[in-house]
Amino acid sequence: MKCKIIIPSTLALAAIAGLSFLYSGLYPMGADVPHTKLTYWVLETLRERSIARASSKLQIPDLNSPAMLLAGGADYNDMCTSCHLKPGQQKSDMSQGLYPQPPNLTKDTDDHDHSHGDNSDIDQAARRQFWIIKHGIKASGMPAWGLTHDDERIWAMVAFLKKLPQLTEQQYQIITARKGNSGMQH
Amino acid sequence: MKKINLKIALTGIALLLVSSTVFAHDRSKHKGKQEAPDCEAMKDMDHMDKMDPVMMAMMEQCSDEHDDDHEHGDNDHEDKHDDDHHGNDEHH
């Protein structure tokens, strides 16, 4: 009998407390104040589990073609470096100001200071990158490039990202130089 | 007067809708960002495997560059370019 009163009462109090906090405006929303560890873990887990589930069935094309590297490299240089940097660049206004901080893609994934879920599988890491580029991530600053770019172009960027951590500044410049014939036609 | 304002507003909305459909991210929008690859830097990369996709991509970029040079009548380095083309043909 007591349970029938205590459990609903506790749930109601918790709901009232949660709504009160929500409407109080006390949570700091500025990008210059990090989330609490608990909030960060919840959001990161939510993100990684969602991406892993949504991307698990994607079919990966051959990512070793030089034409894909050239097409993806030129697009990366135009669209991504302001946040995700390029060889020889340590930071930018965007890489410092965004929260969560965009990963430095010139580094191997092991060197990133956030979780990528279970990406020990290289193929799953490629699927994850494709999905993120195509669909973006809510409230992170990462846009959904799939609205304006077809899958072929996005896979080309994934192909380039696989090689990016090993590229020197000179190699990066040569591969990303856009001469008007980036290899892939649309 | 109100009808005129309404027409202007409707025309504006229609123009916005039409322009949004052509706002795809096209490569032609990058024409102002074109730059030449620094192929001279490849001279210091002799240790690279020529079957490596990165090396093959760079060779493709720079072989195109050399082709462009020929088209512009730059014959001063003809022997060097010929050598490069022989190297590239093996991997294309």
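Before I count anything, a word on terms: a helix here is a DSSP run of H or I with at least four residues, a strand is a run of E with at least two, and both are numbered from the N terminus. On that basis chain A has 8 helices and 0 strands, and chain B has 3 helices and 0 strands. What we are looking at is a predicted model, with an ipTM of 0.77 and a pTM of 0.74, and I will come back to how far chain B can be read.

Let me start with chain A, which along its sequence reads α-α-α-α-α-α-α-α. It has 186 residues, of which 27% count as buried, and among its contacts between residues at least 6 apart in sequence, 68% join residues at least 24 apart.

One helix pair deserves some time. Two packed helices are described by the angle between their axes and the distance between the axes. For helix α3 of chain A, residues 66–79, and helix α7 of chain A, residues 151–163, the angle is about 90 degrees and the axes are 7 Å apart. Since angles from 65 to 115 degrees count as roughly perpendicular, that is the word for how α3(A) and α7(A) lie to each other. On the α3(A) side the residues that meet the partner helix include A:Met68, A:Leu69, A:Gly72, A:Gly73 and A:Tyr76, and on the α7(A) side they include A:Arg153, A:Trp155, A:Ala156 and A:Phe160. Taken as a group, the residues of this contact divide into 9 nonpolar, 2 polar and 3 charged. If you want a single residue to look at on screen, take A:Phe160, which, leaving aside its neighbours within four places in sequence, is in contact with A:Leu69, A:Gly72, A:Gly73 and A:Tyr76.

That brings us to the core. In soluble globular proteins, nonpolar side chains tend to be buried together. Here the largest nonpolar core has 36 residues, and those with the most contacts inside it are A:Leu69, A:Trp155, A:Met157, A:Val158, A:Ala159 and A:Phe160. Which elements give two or more residues to this core? They are α3, α6, α7 and α8 of chain A, together with α2 of chain B. The largest share, 8 residues, comes from α7(A).

Helix α8 of chain A also holds A:Gln173, a residue that counts as buried because 23 C-beta neighbours lie inside 10 Å, where 20 or more are needed. Not counting residues up to four places away in sequence, A:Gln173 touches B:Pro37 and B:Asp38. The C-alpha atoms of A:Gln173 and A:Lys91, which are 82 residues apart along the chain, are separated by 18 Å.

Now for some backbone details in the loops of chain A. Most residues other than glycine have a negative phi, and most peptide bonds are trans. A cis peptide bond, with omega about 0 degrees, joins A:Tyr99 and A:Pro100, and A:Pro100 is found in the loop between α5 and α6 of chain A. A:Leu85, in the loop between α4 and α5 of chain A, has a positive phi, near 65 degrees. A:Ala139, in the loop between α6 and α7 of chain A, also has a positive phi, near 50 degrees. Is each of these two buried or exposed? A:Leu85 is buried, with 21 other C-beta atoms within 10 Å, whereas A:Ala139 counts as exposed, with 9 C-beta neighbours inside 10 Å. The loop between α6 and α7 of chain A is also the place of A:Thr148, which is exposed, with 12 other C-beta atoms within 10 Å.

Finally, chain B, where I would ask for some caution. Its pattern is α-α-α, and buried residues make up 11% of its 92 residues. The chain averages a pLDDT of 61, and 33% of the residues score at least 70. Among its elements, helix α2 of chain B, residues 53–71, has the highest mean pLDDT, at 76, and helix α3 of chain B, residues 78–89, the lowest, at 40. Over residues 15–24 of chain B the pLDDT is below 50, and beyond near neighbours in sequence that stretch has 1 contact in the model. Residues 71–92 of chain B are also below 50, with 12 contacts counted in the same way. Where pLDDT is low, the predicted coordinates should not be read in detail.

Technical notes. Residues are numbered from 1 along each chain as its sequence is written. Chains are lettered from A and ligands numbered from 1 in the order in which they are written. This is a predicted model: local features need pLDDT of at least 70, side-chain atom pairs count only at pLDDT 80 or more; totals for chains, interfaces and linings use all residues. Axes are lines fitted to C-alpha atoms, for helices over the stretch in contact, and angles run from 0 to 180 degrees between N-to-C directions. Angles under 35 degrees count as roughly parallel, over 145 as roughly antiparallel, 65 to 115 as roughly perpendicular and the rest as oblique. Two residues are in contact if their C-beta atoms, placed from the backbone, lie within 7 Å. Ala, Val, Leu, Ile, Met, Phe, Trp, Tyr, Cys and Pro count as nonpolar, Asp, Glu, Lys and Arg as charged, and the others, Gly among them, as polar. pLDDT is the predictor's confidence in each residue, from 0 to 100. A nonpolar core is a set of buried Ala, Val, Leu, Ile, Met, Phe, Trp, Tyr and Cys residues joined through C-beta atoms within 7 Å.
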